[in-house]
Amino acid sequence: MTASPAPAATLTTRARDASSRIVDDILTLVRHETGSYDLPALATGLDLLRELTVERLGRPDHEQRHPGGECGDTLTLTYAGSGAGHVALIGHYDTVWPTGTLAGWEQPGASEDGRARLGGPGIFDMKTGLAQGIWALKLARESGAPLPTVTFLFNGDEEIGSLSSRPVIEELAQKVDVTLVLEPSAHGAVKTARKGTGIFQVTATGVESHAGLAPQDGASAITALSEFVVAAAAVAAPERGTTINTGLIKGGSAINVVAGQATAGVDIRVSSAAEQDRVDAELDAIKVSDPRVRIDIDHAWNRPPMTLNAASAPLLDLAREVAREQGGAPLRDTAVGGASDANFVAALGLPVLCGIGAVGDGAHAQGEFIYPDTVPGQTALVAGLLGRLAEPLRG
């Protein structure tokens with residue numbers, strides 16, 4: 001008599017059988033463009049995502065739509081489970097791509113090793129993760145195993161800093177046992193460390209004067225800001241994971257006027273809170289040569305650094321165990337320079353695992369793509385994790 005397949009193998013088989021339907025759902029989401037600044041498109045995109053979730057999982061036991069104001073709304077959908085655990089599945093539906101990008105998008109050819117690739121605006125970051133998360137719960141339910149309560153959180157402002165959704169994310173993270181963030185993987189590796197990010201605005205205010213008649217009466221904001229930018233670059237410490245990039249500069253009113261004002265946009269990435277404090281202090285200490293020019297710095301730290309905290313380490317171990325049981329390659333973890341909503345959860349000292357979504361490449365680039373053949377494995381991994389989280393995680 002043939003033995004019944006192990007639950008892990010059953011999930012993997014079910015995911016493979018459903019692969020074409022999962023990919024169809026991914027493409028349904030990709031075909032509706034949801035650029036971060038297009039509020040009407042975001043609204044209808046969230047409606048579509050809700051409809052797809054309800055179609056696959058039924059009506060939720062609880063749902064709430066949190067208005068985003070000038071950002072896309074945030075939607076939470078809770079499905080009661082049969083176990084004692086409670087898991088949050090978080091993913092953003094906004095993309096960096098403006099409406100109209102899809103029309104000119106060219107599909108990528110096969111990779112060098114002949115693997116098929118599938119492209120589209122937001123397919124890698126992160127609409128594939130959204131569809132895989134929905135299907136993971138569906139497949140886990142069909143397995144008949146006890147399951148935790150699952151709350152999906154879909155936000156429409158992650159790409160612009162999660163300005164309206166951050167308090168919703170932090171509140172949910174403190175109510176659940178575990179948070180899984182469906183961001184794309186790093187070539188199959190989960191992400192356990194991310195840099196903190198700062199988007200600083202620096203304003204130099206000088207004194208205008210005629211560049212020909214009375215240059216000595218002026219105090220150039222542009223010259224002072226240039227001095228600041230060079231000094232700020234020296235504050236970077238790549239060996240400690242700290243990078244500083246001045247990406248935008250504006251200033252002056254006319255070529256024959258000593259500039260009275262200039263501004264710079266500075267992108268800062270840090271790997272630790274200590275580096276964040278150091279950067280703040282050293283930027284504030286920068287002096288420019290003309291004391292008549294005032295330098296004002298808006299210290300806008302958007303996301304705190306994420307590290308593998310003590311609460312998350314057992315979750316990573318569990319994910320590796322599930323991957324091993326499912327017969328996949330050993331699950332790797334890595335640190336990356338980008339930030340995500342997982343940063344907020346990790347900073348609270350709570351268990352979180354990020355990067356369990358798509359396998360592909362090219363985030364925020366015209367050629368972003370996924371490998372469709374990885375969709376079943378990634379979906380089964382999340383489904384397997386849900387099955388193991390029916391009881392609270394223990395360190």
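Two strands count as paired when DSSP finds at least two bridges between them. With that in hand, we can walk through this predicted model, starting with one well-covered strand.

## Strand S3 and its partners

Strand S3 spans residues 86–92 and is mostly covered, with 6 of its 7 residues buried. On one pairing, S3 runs parallel to strand S5 (residues 149–156), and 7 bridges join the two. Within that pairing, histidine 86 stands opposite threonine 149 of S5. S3 also pairs with strand S6 (residues 178–181), again in the parallel sense, over 4 bridges. Here alanine 88 has threonine 179 in S6 as its bridge partner. As a reminder, strands of a sheet pair through backbone hydrogen bonds, either parallel or antiparallel.

## A small antiparallel sheet

For the antiparallel case, turn to an open sheet of 3 strands, ordered S4-S18-S17. Strand S4 (118–119) and strand S17 (360–361) stand at its edges with a single partner strand each, so one side of each has no neighbour in the sheet. S17 pairs with strand S18 (residues 369–370) in the antiparallel sense over 2 bridges. In this pairing, aspartate 361 stands opposite phenylalanine 369 of S18. Phenylalanine 369 is worth keeping in mind, as the aromatic contacts lead back to this residue.

## Aromatic rings and the charges over them

How many aromatic pairs does a search of the whole structure find? The search finds 5. One of them joins phenylalanine 200 and tryptophan 301: the ring centres are 5.1 Å apart and the planes stand at 80 degrees, so the pair is edge-to-face. Phenylalanine 200 belongs to strand S8 (residues 196–205) and tryptophan 301 to strand S14 (residues 301–303), so this pair ties together parts that are 101 residues apart in sequence. Both phenylalanine 200 and tryptophan 301 are buried.

Phenylalanine 369 and tyrosine 371 also form an edge-to-face pair, because their planes stand at 85 degrees, with the ring centres 5.2 Å apart. Both phenylalanine 369 and tyrosine 371 are buried. Elsewhere, ring pairs link Tyr79, Phe152 and Phe154 into a cluster.

The rings of phenylalanine 369 and tyrosine 371 each have an arginine to go with them. The charged end of arginine 115 sits over the ring of tyrosine 371, and that of arginine 117 sits over the ring of phenylalanine 369. The table sets out the distances.

| Charged residue | Ring beneath the charge | Distance to ring centre |
|---|---|---|
| Arginine 115 | Tyrosine 371 | 3.9 Å |
| Arginine 117 | Phenylalanine 369 | 4.7 Å |

## Two buried threonines

Threonine 379 lies in helix H10, which covers residues 375–388. Is threonine 379 buried or exposed? Its relative accessible area is 0%, so threonine 379 is buried. A polar atom of the threonine 379 side chain lies 2.7 Å from the backbone oxygen of valine 375. Leaving aside neighbours within four places in sequence, the contacts of threonine 379 are Ile22, Gln132, Trp135, Ala136 and Leu139.

Threonine 192 is found in strand S7 (residues 190–194). At 5% relative accessibility, threonine 192 counts as buried, since the cut-off for that class is under 20% relative accessible area. With neighbours within four places in sequence again set aside, threonine 192 is in contact with several residues, among them Met306, Leu308, Leu316 and Leu353. Asp333 is also in contact with threonine 192, and the side chains of threonine 192 and aspartate 333 make a polar contact at 2.8 Å. The C-alpha atoms of threonine 192 and glycine 377 are separated by 20 Å, and these residues are 185 residues apart along the chain.

## Cysteines without a bond

How many disulfides does a search of the whole structure find? The count is 0. Cysteine 71 is in no disulfide, and the nearest cysteine sulfur, belonging to cysteine 354, is 20 Å away. For cysteine 354, likewise in no disulfide, the nearest cysteine sulfur is that of cysteine 71, 20 Å away. A disulfide would need the two sulfur atoms within 2.5 Å. Cysteine 71 counts as buried at 9% relative accessibility, and cysteine 354 is buried with a relative accessible area of 0%.

Conventions:
Residues numbered from 1 in each chain as written. Predicted model: local features only at pLDDT ≥ 70, side-chain atom pairs only at ≥ 80, totals over all residues. Heavy atoms only, no water. Phe/Tyr/Trp six-rings, centres within 6.5 Å; stacked < 30°, edge-to-face > 60°. Buried < 20%, exposed > 50% of the residue type's maximum accessible area, 1.4 Å probe, protein only. Lys NZ or Arg CZ within 6 Å of the ring centre and 35° of its normal. Polar contact = N/O pair within 3.5 Å; in protein donor to acceptor, adjacent residues only side chain to side chain. Contact = heavy atoms within 4.5 Å.
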